[in-house]
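These are my notes from an afternoon with one model, kept in the order in which I looked things up. I wanted to see how some of the helices pack and what lines one of the pockets.

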Amino acid sequence: MEQRERKAVAIAFIVLALYLSPLYMLSEHAHIRVHDNMDSNIAWYRVLVRSGQLFGPIDAVIPQVINGLPRNAFGTEFSGIVWLHALFPSMVAYALSQTITRVFAFLGMYWLLRRHFLPSPESWLIRVGAALAFALTPFWPSGMLSTLGMPLALWAFLSIRNGEATWKEWLAIILLPFYASFVLGFFFFLAAMAAVWLFDGVVRKQWNKRFFAAIALMTGLFLAIEYRLVYSLVFSGEPTSRNEFLSSRLSFVHCLRLTLKNYVLGHTHVMTVHGPIILPVLWAAFFLVLRRRQRGPLERRFLLLFWLNIALSAWYAFWFYKGWQPLKERISLLNTFNFARFHFLRPMVIYVDFALALQILAKERTAWRRLVPIALALQLLLLGGFNEEIRYRLAGTPSFEQFYSEHLFTKIKQYIGKPVSSYRVASVGLHPAIAQYNGFYTLDTYNNFYPLSYKRKFRRIIAKELDKSPVLKDYFDHWGNRVYLFSAELGKHYMFTKRSHKVIRHFEIDTKAFKQLGGKYIFSSVPIENARDIHLRFLRAFTDRQSVWKIYVYEVE
């Protein structure tokens, strides 16, 4: 490595440290993602660790959630992120997880480009810049290295395929399954590797035994680590909420629009922030390549990834095409497992293709060459603006401390004055994860799956509210991962802070069905005007300066 490249790598690590610094400096005052993060996963880790069922048997349940959520719904005990949350306070664990993920995202992409795509010494700036940009993407936090670890895995697999591997590549393959998810990334990555292996064998007549062994090793490790998920998907006889999923109902034209949307904007779980800068660079390189009569390995690889990127967006969109539904009804696995997630390969594909596109521009003798450092700088600046502290503070979402408001819910706990295991609660206008994080036993939840029988029992409580809102009815009946006390007047909004003036005028829930499930109290972030009419007795409102909530506590009569 040349001196200037060493300096660039050192600068990249400094940038990463600055990017991560708010998490360490602000701790619980930091602003982080709410959706599919604070409203779910972070609370799940806490509930699981405190349940005493971290290593529970395959049929264990967690009594704190829905009167006995299957232990398997919280995933494997062999996941690194679970152990971070078991060993450290939530925000410390979160900061460490972000650090681990982003550091290995940078190293993986840098090593991949340096060895397999852009090995030339002159490409040092593109290698380091593209790797840093990839490491700064706003990935889904609980995904860990599920997507951002793919370049590291590809570096290892290509090295093994080419006969260049050392113990380091095999170590990466062995360790990655402990800090990544099979269903949220690596199932699709390993399927792609299997396709490459088959191509080598069938087309090139090269049946690579070591390459196959590496694929089998990582697949076997993932299946062993995710044994709870495998059991739930394949062997569990009890129907779950996922059995009622209805995902394939889009028209052909709608699927085309969704293809374009995904291609340009990406997806919330695999955000790449590639639209404003990277996409124009890719298309500029595409047209430059089309002009060239002779195309070398650089151009051919660029075109392969360019078309693959489009194909992955199309696959994602057309997985929801209504023509699939009859097949999904016959084969339950197509309904319970989300095969649309092949598009989770896109972050790696986009940023490797971005690096190749910049190299194509750099080979031009025109003004295109001068665009390379400019494009890298603009992409890094753009990603800097997506730093969680900047993004969510500007959006006005609560900090970690404000969201969970432990001090406020301790007051509620003390006011009720009974063991939390002796009664059940549910929330209105705020996520049940907040009550769960604070130790309350909840009838409502947000989980990837749970018994279908419970979904039907809970539906009786909210049936009239669902009837008032076709959107909520469809949302619960055909998806249903959010088992919430829905209100048609609130819609799909669960963040009504104490500054809100919203009031529920006519709440229609079946409090008798609520009591039958053990429900005793309702925590609402807004007043319920007709509480008396539905046999709810208002007890007291709780708030303080530190919390963003004003919690109205109601008791079922």
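**Helix pairs and a pocket**

I began towards the end of the chain, where α24 and α25 are roughly antiparallel to each other, because their axes cross at roughly 160°, and an angle over 145 degrees counts as roughly antiparallel. I should record at once that this is a predicted model. The two helices span residues 452–468 and residues 470–477, and their axes come within 8 Å. I noted the handedness as well: α24 passes α25 in a left-handed crossing.

Which residues make the contact between α24 and α25? From α24 I listed Lys455, Arg459, Ile462, Leu466, Asp467 and Lys468, and from α25 Pro470, Leu472, Lys473, Phe476 and Asp477. Sorted by class, this contact has five nonpolar and six charged residues, with no polar ones.

Next I turned to α3 (residues 41–51) and α4 (residues 80–87), whose axes come within 9 Å and cross at roughly 65°. These helices are therefore roughly perpendicular to each other, and I found the crossing of α3 and α4 to be right-handed. On the α3 side the contact is made by Ile42, Tyr45, Leu48 and Val49, and on the α4 side by Ile81, Val82, His85 and Ala86. The class count for this contact is seven nonpolar, one polar and no charged residues.

The third pair I looked up was α10 with α11 (residues 209–225), where the axes come within 10 Å and cross at roughly 160°. That angle makes α10 roughly antiparallel to α11, and α10 passes α11 in a left-handed crossing. The contact draws on Phe182, Phe186, Leu190, Met193, Ala194, Val196, Trp197 and Asp200 of α10, and these meet Phe211, Phe212, Ile215, Met218, Thr219, Phe222 and Leu223 of α11. I counted the classes here too, and the residues divide into 13 nonpolar, one polar and one charged.

From α10 I went on to the second largest pocket, which has a volume of about 940 Å³. There are 27 residues in its lining, and the closest to its centre are Phe117, Leu158, Val196, Leu304 and Leu305. I marked Val196 in particular, since I had already written it down as one of the α10 residues in the contact with α11.

Which helix gives the most to the lining of the second largest pocket? I found that α10 does, with eight residues. The helices that each supply at least two lining residues are α5 (90–117), α8 (150–161), α10 (182–202), α15 (297–318) and α18 (346–362). As a last entry I noted the make-up of this lining by class, which comes to 21 nonpolar, two polar and four charged residues.

Notes: Residues numbered from 1 in each chain as written. Predicted model: local features only at pLDDT ≥ 70, side-chain atom pairs only at ≥ 80, totals over all residues. Heavy atoms only, no water. 1 Å grid on protein atoms, 1.4 Å probe; cavity = no way out; pocket = protein on both sides within 12 Å on 5 of 7 lines; lining within 4 Å. Points joined across faces, edges and corners; volume = space filled by probe spheres on them. Helix = DSSP H or I, 4+ residues; strand = E, 2+ residues; numbered from the N terminus. Nonpolar A, V, L, I, M, F, W, Y, C, P; charged D, E, K, R; others polar. Axes fitted to C-alpha atoms, helices over the stretch in contact; angles between N-to-C directions. Parallel < 35°, antiparallel > 145°, perpendicular 65-115°, else oblique. Left-handed = near helix turned anticlockwise from the far one by under 90°. Contact = heavy atoms within 4.5 Å.
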